[in-house]
Amino acid sequence: MSQESAADPPSPFVIRWATALAGSVPAPRRALDVAMGRGRHAVVLGQAGFRTFGVDVKLDAVREALERAAAYGLSVRGWCADLTQYPLPREAFEFVVVTRYLQRDLFASIREAVTPDGVVVYETFTVNQRALGAGPRSPDHLLQPGELRERFSVFEILFYEEVMAPEAVARVVARRPSP
């Protein structure tokens, strides 16, 4: 595990929801970590009992994520892809996690990647992060107020919040309805 991985612990929000929902997610309990980076959430998902998959544009990050998972005795399947070019598989995952990543044209693909009754856990920065003087600055990487809730308005919202500290983030837990 790299020094960078150790310095970037998993989100308590993801830990809380992955643990809380693990038993209620329908079989076969496949989880996807979108923009997985070096695997901080893939490990959490594996430890919660999910068959874990991850995707990232950086091959070295995917490799390190798989090594990190293996160090914990977990098997994570990862692939390298530019999600602006390759869509996520449809209805393939019962649990999808996205953190610190915003690609607006990917929202439809994320919603479609979740199986009926599956859950999305999403946490990323809002425009209020600029006032804190750290983190992303571009409007392309910052949510507008209420935007994350709106992007999942066709799902059942199990939890939603926007906070200012320690980072300005929006968080949603949303369940895809059955047909």
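Here a colleague and a modeller talk through a predicted model, one question at a time.

Colleague: Glad to have you at the bench today! In what order do the 7 strands of the open sheet stand?

Modeller: Happy to help. The sheet is open and its pairing is mixed. Neighbouring strands in this sheet are turned by 15° against each other on average, direction ignored. Reading across the sheet, the order is S3-S2-S1-S4-S5-S7-S6.

Colleague: Which strands stand at the edges, each with a single partner strand?

Modeller: Look at the two ends of the order S3-S2-S1-S4-S5-S7-S6. A strand with a single partner has one side left without a neighbour in the sheet, so the edge strands are S3 (76-80) and S6 (156-163).

Colleague: Let's stay at one end. Which residue in S3 is the bridge partner of Val55?

Modeller: Strand S2 covers residues 51-56, and 5 bridges join S2 to S3. These two strands run parallel. The bridge partner of Val55 in S3 is Trp79.

Colleague: Now for S4. How many of its residues are buried?

Modeller: S4 pairs with S1 in the parallel sense over 4 bridges, and Leu32 stands opposite Val96 in S4. S4 also pairs with S5 (residues 114-125) in the parallel sense, over 6 bridges, with Thr99 opposite Glu123 in S5. The strand is mostly covered, and the count of buried residues is 7 of 7.

Colleague: On to the helices. Is H3 largely enclosed or largely open, and how many of its 8 residues are buried?

Modeller: The buried residues are Arg40, His41, Ala42, Val43, Val44, Leu45 and Gly46. Their cover includes helix H2 (12-21), S1, S2, H4, S3 and S4. H3 is largely enclosed by the rest of the structure, because its buried residues number 7 of 8.

Colleague: And which residue with a positive phi follows H3?

Modeller: Helix H3 spans 40-47. The residue that follows has a phi near 100°, and that residue is Gly49.

Colleague: Let's turn to charges. How far apart in sequence are the parts that Arg38 and Glu64 tie together?

Modeller: The model holds 12 salt bridges, and in one of them Arg38 joins Glu64, with the closest N and O atoms 3.3 Å apart. Arg38 lies in the loop between strand S1 (30-34) and helix H3, while Glu64 lies in helix H4 (residues 59-71). Glu64 is buried, at a relative accessible area of 15%. The pair therefore ties together parts whose separation in sequence is 26 residues.

Colleague: What separation in sequence does the salt bridge between Glu91 and Arg176 span?

Modeller: The closest N and O atoms of Glu91 and Arg176 are 3.1 Å apart. Glu91 is partly exposed at 41% relative accessible area, whereas Arg176 is buried at 18%. Glu91 sits in the loop between S3 and strand S4 (93-99) and Arg176 in the segment after strand S7 (169-175), so the parts they tie together are apart in sequence by 85 residues.

Colleague: Which residues are joined into one network by salt bridges that share partners?

Modeller: Start with Glu167 and Arg100, whose side chains meet in a salt bridge at 3.2 Å, N to O. Glu167 lies in the loop between S6 and S7 and Arg100 in the loop between S4 and helix H5 (107-113), so this pair links parts that are 67 residues apart in sequence. Both ends count as partly exposed, Glu167 at 27% and Arg100 at 42%. The network joins Asp8, Arg40, Arg100 and Glu167.

Colleague: Arg175 is buried yet has no salt bridge, so which side chain of opposite charge is nearest?

Modeller: Arg175 is in strand S7, and its side chain reaches the backbone oxygen of Asp117 at 3.2 Å. Its contacts beyond four places in sequence include Leu21, Phe155 and Leu158. A salt bridge has to fall within 4 Å, but the nearest side chain of opposite charge is 4.1 Å away, and it belongs to Glu156.

Colleague: One last thing. How far apart in space are Pro87 and Ala69, C-alpha to C-alpha?

Modeller: Pro87 lies in the loop between S3 and S4 and is exposed, with a relative accessible area of 67%. In sequence, Pro87 and Ala69 are 18 residues apart. In space, the C-alpha to C-alpha distance is 25 Å.

Technical notes
Residues are numbered from 1 along each chain as its sequence is written. This is a predicted model: local features need pLDDT of at least 70, side-chain atom pairs count only at pLDDT 80 or more; totals for chains, interfaces and linings use all residues. Side-chain values use heavy atoms; hydrogens and water are left out. Two strands pair if DSSP finds at least two bridges between them. Axes are lines fitted to C-alpha atoms, for helices over the stretch in contact, and angles run from 0 to 180 degrees between N-to-C directions. Buried means under 20% relative accessible area, exposed over 50%, partly exposed in between (1.4 Å probe, protein chains only). Lys and Arg count as positive and Asp and Glu as negative; His and the chain ends are not counted. A polar contact is a pair of N or O atoms within 3.5 Å; within protein, one must be able to donate a hydrogen and the other to accept it, and residues adjacent in sequence count only if both atoms are side-chain atoms. Contact means heavy atoms within 4.5 Å.
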